[in-house]
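Visitor: I would like to go through some of the labels used for this model and the reasons behind them.

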Amino acid sequence: MEMIIGGAFQGKSTYAKEHHPDICWKNGADLEKEELMNAEGVLDFREYIKKN
């Protein structure tokens, strides 16, 4: 597992996609718990936290 953290609008999603292009990225805002547990990669995890 790798977690990429940093300030707002610092290019974390772009970095993740460029360095791990083989991962099927999911948006945290669109995930339910089971989908989250089975996701290869999650972008905007904070959105999942906010809705739950």
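The exchange below takes the labels one at a time.

Visitor: What kind of model is this?
Guide: The model is predicted.

Visitor: Why is A29 called partly exposed?
Guide: The relative accessibility of A29 is 34%. Partly exposed covers the range between under 20%, which is buried, and over 50%, which is exposed, so A29 counts as partly exposed.

Visitor: Where is A29, and which residues does A29 touch, not counting those up to four places away in sequence?
Guide: A29 sits in the loop between β1 (25–27) and α2 (33–38). The residues touched are D44, E47, Y48 and K51, with that exclusion. The C-alpha atoms of A29 and E47 are 4.8 Å apart, although the two residues are separated by 18 residues along the chain.

Visitor: What makes R46 and D44 a salt bridge?
Guide: The N to O distance between their side chains is 3.0 Å. The cut-off is within 4 Å, so the pair qualifies as a salt bridge.

Visitor: How do you know that R46 and E47 meet in a salt bridge?
Guide: Their N to O distance is 3.7 Å. That value is also within 4 Å, therefore the label applies.

Visitor: Why is K50 called exposed?
Guide: K50 has a relative accessible area of 61%. Exposed means over 50%, so K50 is exposed. E47, at 24%, counts as partly exposed.

Visitor: What links D44, R46, E47 and K50?
Guide: A network of salt bridges links them. The E47 and K50 side chains meet at 3.5 Å, N to O, and both residues lie in helix α3 (residues 45–51), three residues apart.

Terms used. Residues numbered from 1 in each chain as written. Predicted model: local features only at pLDDT ≥ 70, side-chain atom pairs only at ≥ 80, totals over all residues. Heavy atoms only, no water. Helix = DSSP H or I, 4+ residues; strand = E, 2+ residues; numbered from the N terminus. Buried < 20%, exposed > 50% of the residue type's maximum accessible area, 1.4 Å probe, protein only. Contact = heavy atoms within 4.5 Å.
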